[in-house]
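Please open the structure in your viewer and keep the selection panel at hand. The stops below are meant to be taken in order.

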Amino acid sequence: MAEKIIRDQEAHDKLKSIVDQIDIGTICTFNPHSSYPHGVPMSRQEVNEEGNIWYICSAESETHKNLEKNDKISVFYADPKNYTFLSINGTATLSRDQARIDRYWSKMMEGWFEKGKEDPNIKLLKVIPDEAHYWDSGSNKIATLFGMLKNAITGSNEDIGEEGELKL
C-alpha cells in the first residue's frame, strides 16, 4: 500500500468520508482501575466541519464515567468488506446541548433512553481528533487480496490501496 500524509481540509474530508461510510466505531476510554481500555460500539451522529465526531451517550455508562476522569479517547472504524480502516486518538468533551440532542434524536434511541429526549442522563460526546491513521484499498476485499497475491507471485509492486496519516 502506498503511504500518504494528508493534511488540513483534505484530512478532514478523508476522516469524514470514512466515518460516514462505516458509521459504527468502537469507542475506547480508559479506566484508572484497569490496565485495559473499555471499548463499546457507538453510531456517530455527525462529523462536523472541524472534523469533530459527535455521539450520544448516557451519563450512567462506563464510557461517560471514564471520560469524566480521563478525557483521552481512541476510536476504531473497520469495514472489512471494503478493506477500509481508521484509527483515531484524541480528546473527548462531554456536554448537554438540548438543541443538538433534538437534532440527533431518533426513534431508535428510545430503547436506551426511556424518558425520551428530555432524559437528563443523555449526554453529548464530542471527539476532537488529535491524530488519525487510515487504510483504504479503494476496492473490495477480494480485489485487494487478489492484488496482494498477484504481487507475491509476480514479484511486482503494484499499488493495492493506500494508508496514511491524517494531519488534522
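**A tour of turns, helix and core**

Begin by selecting Y83, which is partly exposed, with a relative accessible area of 24%, in what you should bear in mind is a predicted model. Y83 sits in the loop between β6 and β7, and its phi is near 55°, a positive value in a residue that is not glycine. Most residues other than glycine have a negative phi.

Move next to D8, another non-glycine residue with a positive phi, here about 55°. D8 belongs to helix α1 and counts as exposed, because its relative accessibility is 54% and exposed means over 50%.

Now select the whole of α1, whose 15 residues reach 22 Å from the first C-alpha to the last, close to the 21 Å expected at 1.5 Å a residue. Colour A11, H12, K14, L15, I18, V19 and I22, which are buried in α1; they lie on the same side of α1, because they cover an arc of only 160° around the axis. Just after α1, D23 takes a positive phi of about 75°.

From the helix, turn to the largest nonpolar core, which has 24 residues and in which L15, I53, Y55, Y77 and L86 touch the most other members. At least two residues of this core come from each of α1, β5, β6, β7 and β8, and α1 gives the most, with five.

Centre the view on L86, whose contacts beyond four places in sequence include L15, I18 and V19, as well as Y77, W135 and L166. Finally, select I56, M109, F113 and L124, which are among the nine residues of a second, separate core.

Key: Residues numbered from 1 in each chain as written. Predicted model: local features only at pLDDT ≥ 70, side-chain atom pairs only at ≥ 80, totals over all residues. Heavy atoms only, no water. Core = buried A, V, L, I, M, F, W, Y, C linked by side-chain atoms within 4.5 Å. Buried < 20%, exposed > 50% of the residue type's maximum accessible area, 1.4 Å probe, protein only. Helix = DSSP H or I, 4+ residues; strand = E, 2+ residues; numbered from the N terminus. Contact = heavy atoms within 4.5 Å. Expected span 1.5 Å × (residues − 1). Arc of directions from axis to C-beta.
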